[in-house]
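Thanks for coming, everyone. Let me put the structure up and walk you through it.

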Amino acid sequence: MSDASGASGEVELVQLLTPEGERLEHPEYSFGGDDDQIKSFYRDMVLTRRIDAEATALQRQGELGLWASCLGQEAAQIGSGRALGKRDFVFPTYREHGVAWCLGVDPVHLLGLFRGVDLGGWDSQRYRFHLYTIVIGAQTLHATGYAMGVERDGLVGTGDPDRDMAVIGYFGDGASSEGDVNEAFIFASSYNAPIVFFCQNNQWAISEPIERQSRIPLYRRASGFGFPGVRVDGNDVLAVHAATTRALERARSGSGPTLIEAYTYRMGAHTTSDDPTKYRLADELEHWRLKDPIERLKAYLRRSGSGDDAFFADVETEASDLAADVRTRCLALPDPHLLDLFDYVYAEQTPYLNEQKATYAEYLGSFEDTSPAGSRQAQPAFAESLH
Amino acid sequence: MTMLTMAKALNAGLRRALEADPQVVIAGEDVGKLGGVFRVTEGLQKDFGEHRVIDSPLAESGIVGTAVGMALRGYRPVCEIQFDGFVFPAFDQIVTQAAKLHFRSRGLLPMPLVIRIPYGGGIGAVEHHSESPEAYFCHTPGLKVVTCSNPADAYWMIQQAIASDDPIIFLEPKRRYHERAEVDEKGTPPPLYSARVVRPGTDVTLVGYGPMIKICLDAAEAAAEDGHDLEVIDLRTLSPLDMAVVVESVQKTGRVVTVHEAQLNLGLGAELAARISEQCFYSLEAPVLRVAGFDTPYPPSRVEEDYLPDLDRVLDLVDRSLAY
């Protein structure tokens, strides 16, 4: 391959914590927090993994229609999510469960989408965490437009930390091939929008390896669009936190976009409907298991003496309690009523849709047992008949 | 009262919207210094600045997608898609993103977004510059679709669309951009989602919109010479349809011909025919007949006059309707 492809040359990777749990110095990036903060990262990562495992179990038990696991990506998500300021706004894909956790989104809200009781039922303005977007890459344009609005609001480059804000848009290696992502790069660059493009390169877009999406390291794409790109070890929460903090500050100060490529690995399947044994080798998973983001943090905390047995046991207990609570409340999520949904199609309801709703209500009323409970009871009975 | 072309009337309406609400922004290709390829936004960037009248990179999905983001931030973006045939790269952002956010969020996220699209043929353009894509958007829950047929409606409807909290496809009949009419800038407009009888009559109802209203009115004039009194309805709103005006007319005339440039198959005429048959069955003296573009791709411009519904094709179906 020629140099023109951009594939040659040493690939830089920002790493502040080795897979063995040893701290590293980096000439440009450093983690400024203390071990208490690192312990809180550890806690967030363990809780995220536990919620994720519980959701997978709920899907296997028929309680969710689907789940998109973030197993293995906890450092990328907690590292970036915890770097966010109080005013920064997030546009996620559908896998940012750890980022959601950092912003205080109740995990049960995330499960609602996958259980099929809503289409993303949280208050995105309250949490500064937009609804999950499933069409790949579309949200990067929303993030860019939102950032253009932030700039028009005069909330960039004032130097006042209580005013300045940034936007972060998440996407994956597969999305990097989408037109929308490339258009988002162009708009953000052209208007110098206060945005961080955060790419979790987890190596796989369902069954397609990163080599199918790009012949060059993804972070280098940024230079072609006129803004900086950096690759960080996505399984190193300290490096991710440091790089995201810097990129967010850059955006808030009015210096424009940054692309962060968090180099990580999707340790689970694409979703619960996927079977990765059909397209990747077990050896690869084993290779990445040695780089596990949680294990390396645990090794560091043990090495430094900051984390003792009691701390790790407490986090485990908290995780188990959280999982049980999430499960209970997930199972209690009420089904929506189709009749109610007619009212949400438009801000200003149309007479036509009101008529359609009324006709449907009348139709429902023509049955003897019309209670929503009555109609719902029919479904489990049918499902049971299949077993 | 001022005599204005439709392009100037739209310009005046946009200007008034920009003045009325600082959250209104305009974005699109060449909308700034050039004032748009049809000059609809002429002078607006000069007077309101580059932050409010935004020259966009050449990327339709990007234009609409970033407008969705700006709307989420509290802005009221008005996007211009340069020509009808260029809207399809933005299809996902329109039908999957903008159209569904209010529904997905159970009403928490309004989407005050207007997408202006010059549409329709008749100007001798090269391909992809003469299309009528309205049915795609009417088929999408969450979107509203309106179209103006004259300068006065253009002036008011664009302001009403910008004031709406729903995403609206605003279709502008480009072959009527330069036709003049009086605009009463101090008047009171009818509601945005309302159809209007633009010529009362008793024998046959013509239902059209946008560029076809002039054709329908011309056809009504010609029919009058033969002693047939045609009623002409300008739908103005394509989604939602204002069926009350149509039903009242058909109950009076018993005969109806729908007229649009867009292809026949599953076009607006099909939906109108279905609803008229449901709501006016006992009034009908003849089946609902449809004049439309043929079910071919838009043809080379040298034969577009044969493709586009014209006075004779409308009168042909009027005669067929009267023959029942």
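Let's start with one residue. Leaving out residues up to four places away in sequence, which residues does F41(A) touch? The answer is I78(A), R82(A), V237(A) and L297(A). Before I go on, a caution: this is a predicted model.

Where does F41(A) sit? It lies in helix α1 of chain A, residues 35-60. Is F41(A) buried or exposed? Buried, because 26 other C-beta atoms lie within 10 Å, and the cut-off for buried is 20 or more. Take one partner, V237(A). F41(A) and V237(A) are 196 residues apart along the chain. Their C-alpha atoms are separated by 7.7 Å.

Now over to chain B. Chain B has 12 helices and 14 strands. Its C-alpha atoms fill a box of roughly 60 × 40 × 40 Å along the principal axes. What about the radius of gyration? Chain B has 19 Å, and a compact globule with 324 residues would have a value near 20 Å, so the two agree. Of the 324 residues in chain B, 58% are buried. Look at the contacts too. Take those in chain B between residues at least 6 apart in sequence: 79% of them join residues at least 24 apart.

Next, the sheet. In chain B, 7 strands form an open sheet. Read the order with me: β3-β2-β4-β5-β7-β6-β12. The pairing is mixed. Which strands stand at the edges? In chain B they are β3, residues 53-55, and β12, residues 237-239. Each has a single partner strand, so one side of each is left without a neighbour in the sheet. Neighbouring strands of this sheet are turned by 20° against each other on average, with direction ignored.

A helix packs on this sheet as well. That is α7 of chain B, residues 151-163. Helix α7(B) touches β2, β4, β5, β6 and β7 of chain B. The direction of α7(B) makes about 165° with that of β7(B).

Zoom in on one end of the sheet. Strand β2 of chain B, residues 24-28, is joined to β3(B) by 3 bridges. The two strands run parallel. G28(B) stands opposite D55(B), which is in β3(B).

On to domains. The domain assignment splits chain B into domain 1, 2-183, and domain 2, 196-323. Their centres, taken over C-alpha atoms, are separated by 26 Å. How many residues are in contact across the two? It is 23 from domain 1 of chain B and 21 from domain 2 of chain B. On the domain 1 side, α6 (134-138), β6 and β7 of chain B each supply at least two residues. The largest share there, 4 residues, comes from β6(B). By class, that side of domain 1 divides into 8 nonpolar, 8 polar and 7 charged residues.

Last item: where the chains meet. The contact takes 35 residues from chain B and 32 residues from chain A. Which elements of chain B each supply at least two residues to its side? They are α3 (60-72), α4 (91-97) and α5 (101-104) of chain B. Helix α3(B) gives the most, with 9 residues. What is the make-up of the chain B side by class? It has 14 nonpolar, 15 polar and 6 charged residues.

That's my tour. Over to you.

Notes: Residues numbered from 1 in each chain as written. Chains lettered and ligands numbered in written order. Predicted model: local features only at pLDDT ≥ 70, side-chain atom pairs only at ≥ 80, totals over all residues. Contact = placed C-beta atoms within 7 Å. Nonpolar A, V, L, I, M, F, W, Y, C, P; charged D, E, K, R; others polar. Buried ≥ 20, exposed ≤ 12 C-beta atoms within 10 Å, placed from the backbone. Pairing = 2+ DSSP bridges. Axes fitted to C-alpha atoms, helices over the stretch in contact; angles between N-to-C directions. Domains from an automatic or database assignment. Rg over C-alpha atoms; globule rule 2.2 N^0.38 Å.
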